[in-house]
Amino acid sequence: MERPMRLGGAVSVALLLWPATACTTSTVGQAAVDAKKPTAASATPSATAHPTLRTAPRLDSDETLAGQRKPTTGNAEIPFEAGKEGDALIVELSCQGRGTVKVALCPVDVSFETKCAADEVGTTRNEVAVGAVHRAGAAAVEAPAGVRWALTVGRGERAQGE
């Protein structure tokens, strides 16, 4: 099976000074509860021949899953497990629908945004290798209602040259 198209490189596509106010101790705890709730699928199938976002991004075989959210819409927080010190935090976001999705990673205070296209599924991969990435945390996702997205958080070796 083919892997989805990846945009971006080994380093975050765009690290922004976007405030990560969505990441608090209380909301991270609530995120674990919310992540277990089922999400509603689209009620009407697409009448076009465009691909549809159906699954969360998959990590490479040598990477470890730390947290995941299947395709959904709206805002959410995805908790992720702690990892080994020295490993990178890997975040893969797939999206479809016209709009911009913002992701804030706590507790590492890193954020990025991805522009999504209405007629294609795009996947952006970001590897974060800064202090505190080995700690457990949450990815706070802010997305317009018309954008369908899925997110996978993993752990793995830092990319060469970082």
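**Notebook: salt bridges, strand β9, core and disulfide**

I began with the charged side chains and found that Glu63 forms a salt bridge with Arg125, in which the closest N and O atoms are 2.3 Å apart. This pair links distant parts of the chain, since Glu63 sits in the loop between α1 (25-35) and β2 while Arg125 belongs to strand β7 (residues 122-128), 62 residues apart. I note here that I am working from a predicted model, and I read every distance with that in mind.

I then looked up how covered the two partners are. Glu63 has a relative accessible area of 15% and counts as buried, because the cut-off for that word is under 20%. Arg125 is buried too, with a relative accessible area of 8%.

Next I checked what else Arg125 meets. Glu92 forms a salt bridge with Arg125, and here the closest N and O atoms are 2.7 Å apart. Glu92 lies in strand β4 and Arg125 in strand β7, so this pair ties together parts that are 33 residues apart in sequence. For Glu92 I noted a relative accessible area of 1%, which makes it buried. The side chain of Glu127 also meets that of Arg125 in a salt bridge, at 3.0 Å from N to O, and both of these residues are buried. The count of salt bridges comes to three, and I entered Glu63, Glu92, Arg125 and Glu127 as linked in a network.

I turned to strand β9 (residues 148-156) and asked myself how many of its residues are buried. Nine of its nine residues are, so I wrote the strand down as mostly covered. Both faces are covered: Arg148, Ala150, Thr152, Gly154 and Gly156 are buried on one side, and Trp149, Leu151, Val153 and Arg155 are buried on the other.

For the neighbours of β9 I looked at the strand pairing. Strand β2 (residues 64-73) runs antiparallel to β9 and is joined to it by seven bridges, with Arg69 standing opposite Leu151. Strand β4 (residues 88-96) also runs antiparallel to β9, through nine bridges, and the bridge partner of Leu89 in β9 is Arg155.

I followed Leu151 further and listed its contacts, leaving aside residues up to four places away in sequence. Among them are Ala56, Pro57, Ile78, Val91, Leu93, Val103, Ala139 and Val141, as well as Arg69 and Glu92. I noted that Arg69 also stands opposite Leu151 in the strand pairing, and that Glu92 also takes part in the salt-bridge network.

Which residues of the largest nonpolar core touch the most other members? Of its 25 residues, I recorded Leu89, Val101, Val103, Leu105, Trp149 and Leu151. Strands β3 (76-80), β4, β5 (99-106), β6, β8 (137-142) and β9 each supply at least two residues of this core, and the largest share, four residues, comes from β4.

Last, I looked up the cysteines. The count comes to one disulfide, which joins Cys95 to Cys116 with an S to S distance of 2.1 Å. Cys95 is in strand β4 and Cys116 in strand β6 (residues 110-116), so the link connects distant parts of the chain, 21 residues apart. The angle about the S-S bond is -105°, and I entered the link as left-handed. Both Cys95 and Cys116 are buried.

Key. Residues numbered from 1 in each chain as written. Predicted model: local features only at pLDDT ≥ 70, side-chain atom pairs only at ≥ 80, totals over all residues. Heavy atoms only, no water. Buried < 20%, exposed > 50% of the residue type's maximum accessible area, 1.4 Å probe, protein only. Pairing = 2+ DSSP bridges. Disulfide = S-S within 2.5 Å. Core = buried A, V, L, I, M, F, W, Y, C linked by side-chain atoms within 4.5 Å. Contact = heavy atoms within 4.5 Å. Salt bridge = Lys/Arg side-chain N within 4 Å of Asp/Glu carboxyl O.
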